[in-house]
Every structure is written in structure tokens, then in C-alpha cells.
Amino acid sequence: ADQKEINLNTMKNFKKLNIKKIFRSLKTGVLSTNIFFFLFAAFFSTLALAAALTLTHKDNRIPLGAAGCFSSKVEEGETTFVELDNDRTEALRDVIWSDDGTMVFSINENMSKAGKDFGDLDLSMNKVRDPFELKTLKTSLTVDLGIKSHTCDDLDGFDVDHEDFQAQGMTNTTNGYRGIHIAQGGRIFYILGSTTVLHRFDLTKPFDFKTAKYVNQFDIPSADADSINGFSISKDGTRLFAVDEGADADTPVLRTYSLSPAFDITSATEIHSLALSDPVGNSEAGLQAARDIEFSHDGGEMFISVLNANGFTNNAIHQFSLGKNYDVSTATHLGFHRIVYPQSAIGTPWGFSFSSDGMKLFLLQLAAGDQIDNVYQYNLDCPYGLVKC
């Protein structure tokens, strides 16, 4: 039987039983049939969980463009809409999904790469047919099936530092972006610039960036001018987390800021810092250049991706268990999962994200030179199970 089904069925059966009744049965030595089979299943489920967890590679691809479809806005400095006929990734930095898994967003360091007519549309949106299934990107299905299976509503590209946003108060410190976080059911987008400035956009229609209005920004203090690579925000909006790789990339620090009112990044006040360098005493797999940070749905687990410049096959995602949700001061390092890209071992990891149920991992591969950047999908044995369930 599939391990996920075993776990789910075990929990369902557990809820049906009275825990006091189980203990009474154990004490008297008389077990009912239901209790016997529950304990029998739980025992073997525990044995299965003790085995090493696996990440199953399901797909890797780039969101394709679509000839005849155009950006929803005229980008800054241009007079015509950009045709979205090129793929939607160039120097990928982060990836995130809508809550229902029907839309995937990617942020790019530099979509307007010299010699390529991508337009300066650093934020990309693509829709999928099946929730959280990368292989069902609607523009990809058109290629695979040989029939048109998308409309122009299924993709878009956005100029993050558009002149409209600048008119609303945005300070344009960079044309490159590194991270994205979505809050309040798609009504708030936070986007991190490569100069460590974090921007907030409020949307009148959830997950529709065409309706975005610029709100404010926060310049995250950093060891170097561009050493903040990733960030996250607690589900209730009261904590901001930023990973700073340090001035030499070997002394990463995780900084925690309190936000009051919730989700207001202008109120950010640092309340805690955690040195991340080599948390397990193993330089080969230690936390060198921290790239991104994510949390489980309830904030009880924390994950940090790292780049090991000394050997690309030593790139990893580290998992920490938190004694108190979103409280980094209670973190216990559980271990790491070494990143190996099935299609090419060489590649720089940056951002990553999970499906809403934690059963799927989506990880970026920034390929070397002119090779194609990819988004990878892995299926997990259990929710957020990179190192431990």
C-alpha cells in the first residue's frame, strides 16, 4: 500500500477510537477487534516511517510562452505591449504557487537579458490544468498534445518596477529580483529586490497581479549590499524572516523581525538572529551561501536552501524542527537533503516552495552558461518530508 494512504488511514482510524478506551484495553489485556487492527497498522506505519525518505522526481521544465499573447501592461520605457512568445524564465530566482495550485509564479533576476527579446517582465504567471502538477502547464500541453490547449489568460508577465508603481511611491533601486512571498490568500505580494529592498503590493483581486497597487517597502539590513537572498513571512503576518549569506558567503545569518501591525513591513524590528554556518559540524554539507527559506503550513518546520560553491553536488536543503511555531530560537537541526538534479548534476539552487499540503517540492535550477533554467517537481513520502516526517 502507498505510504501516504497508510498514514492518512491510520489517522482517520485513530480519530474514530477513544484513546481512553485503548489504554483501558491495554491495561486489562483484552483488545477489541478495531483496537487490535489500529495498533497493528500503526506499528507497521511506524516501521515504514523509520526508513529513509525519498524525493521522487516527477518533472522539470520551464513555463513556455505563447505567440500572439501579450503582457497586460506596456513595460516602462516602451510604447507597445510585449509579446509573450519566449519562455517565461531567465536567471530564475524563486517560484511559488497560488493556494489552490492552479497558478505558478516565478521571479527572475533579469528577464531583459542582452540579446534576448524577453521584455523586462521579471514576474511571470502561468496556469496549469491539474493543481500543483508542473507537467500540465497549459502552454506546455499545447506542445505535447499538438493542439491548442491554452488561452492568453493562461499566462502573463509583469514589470515589477513599472512606472505606475513608481508613481505610487516605489523606489526603483534595481531591475533584478530574488524572492516572492504571497500572503492573505493572494491579496498581498511581497517581492525582494537584488539590492535587499523588500516591496509590498496589495491586489484587489486575489492572485491577479494586474490589479496590484504599490503599498510600501523595507530595506532589509544586510552584511553586504546584495547579501539578502531569500525571505519569508509567518502565516499570521507578525514575523519577517530574512536569510543573509554574509559578506563572504560563508557566514550566513537568519534574521527575525517582528511586524506590528501584522503584514506591515515598514514596522519591521529585528528581534532575533541565528548564525547558520555549519550547524552540524560538517563543512561539506554546512550552511554556506543561504539562498531561500520556507516553512511548513503551521510554521513547525523550517527549511533553508544553500549553495556550496566548492562543489555543486553538495548543494542542499536543510530541515529544522521548531519547538514553537515560527520561533527560530527554538530550532533543532534535523539534517539535510542533498540536491541532485536528475537532468544535470550542475546547477545553482535558489528559491523553492511546497504545495499547500506539503506533499510536493518545487525547486529551481539556475543552469550554468546558456543552458536552460528549470523548475523541478518532486513528490514526497509525507508532508514536508525532506529529512523527517
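Start by selecting K73, F158, D159, H162, F165 and F209: together they line the largest cavity in this predicted model. The space inside comes to about 40 Å³. Colour the lining by residue type and you'll get three nonpolar, one polar and two charged. How many cavities of 30 Å³ or more does a search of the whole structure find? Two, so let's visit the other one next.

**Second stop: the other cavity**

Now pick P63, V104, F105, S106, L134 and V375, which line the second largest cavity. Its volume is about 30 Å³. The mix here is five nonpolar, one polar and no charged. Which strand gives the largest share of this lining? Show β3 (residues 103–108) and you have it, with three residues.

**Third stop: strand β19**

Select residues 360–365, which make up strand β19. Is this strand buried or exposed? Six of its six residues are buried, so the rest of the structure largely encloses the strand. In a regular strand, side chains alternate between the two faces of the sheet. Turn the view to check both sides: K360, F362 and L364 are on one, L361, L363 and Q365 are on the other, and all are buried.

Next, bring in the neighbours. Strand β18 (residues 352–354) pairs with β19 in the antiparallel sense, over three bridges. Click F352 and look across to L363, its bridge partner in β19. The two strands form a hairpin with five residues between them. In that turn, find G358, which has a positive phi of about 75°. Then add β20 (residues 374–380), which also runs antiparallel to β19, this time over six bridges. There, N374 stands opposite Q365.

**Last stop: salt bridges**

Side chains of opposite charge can pair when their charged atoms come close. The structure holds 12 salt bridges, and here are some to look up.

- D59 and R61: their side chains meet at 2.5 Å, N to O. D59 is buried at 11% relative accessible area, and R61 is buried too, at 17%.
- D202 and R200: this pair meets at 2.8 Å, N to O. D202 is partly exposed at 25%, whereas R200 is buried at 12%.
- R255 and E270: the N to O distance is 3.6 Å. R255 sits in β12 (residues 253–258) and E270 in β13 (residues 269–275), so the pair ties together parts 15 residues apart in sequence. R255 is buried at 17%, while E270 is partly exposed at 38%.

Before you close the viewer, add D244: a network of salt bridges links D244, R255 and E270.

Notes
Residues are numbered from 1 along each chain as its sequence is written. This is a predicted model: local features need pLDDT of at least 70, side-chain atom pairs count only at pLDDT 80 or more; totals for chains, interfaces and linings use all residues. Side-chain values use heavy atoms; hydrogens and water are left out. Buried means under 20% relative accessible area, exposed over 50%, partly exposed in between (1.4 Å probe, protein chains only). Helices (H or I, at least four residues) and strands (E, at least two) are DSSP runs, numbered from the N terminus. Two strands pair if DSSP finds at least two bridges between them. On a 1 Å grid over the protein atoms alone, a cavity is a set of points where a 1.4 Å probe fits but cannot get out, and a pocket is an open set with protein on both sides within 12 Å along at least five of seven lines; lining residues have an atom within 4 Å of a point. Grid points are joined across faces, edges and corners, and a volume is the space filled by probe spheres set on the points. Ala, Val, Leu, Ile, Met, Phe, Trp, Tyr, Cys and Pro count as nonpolar, Asp, Glu, Lys and Arg as charged, and the others, Gly among them, as polar. A salt bridge is a side-chain nitrogen of Lys or Arg within 4 Å of a carboxyl oxygen of Asp or Glu.
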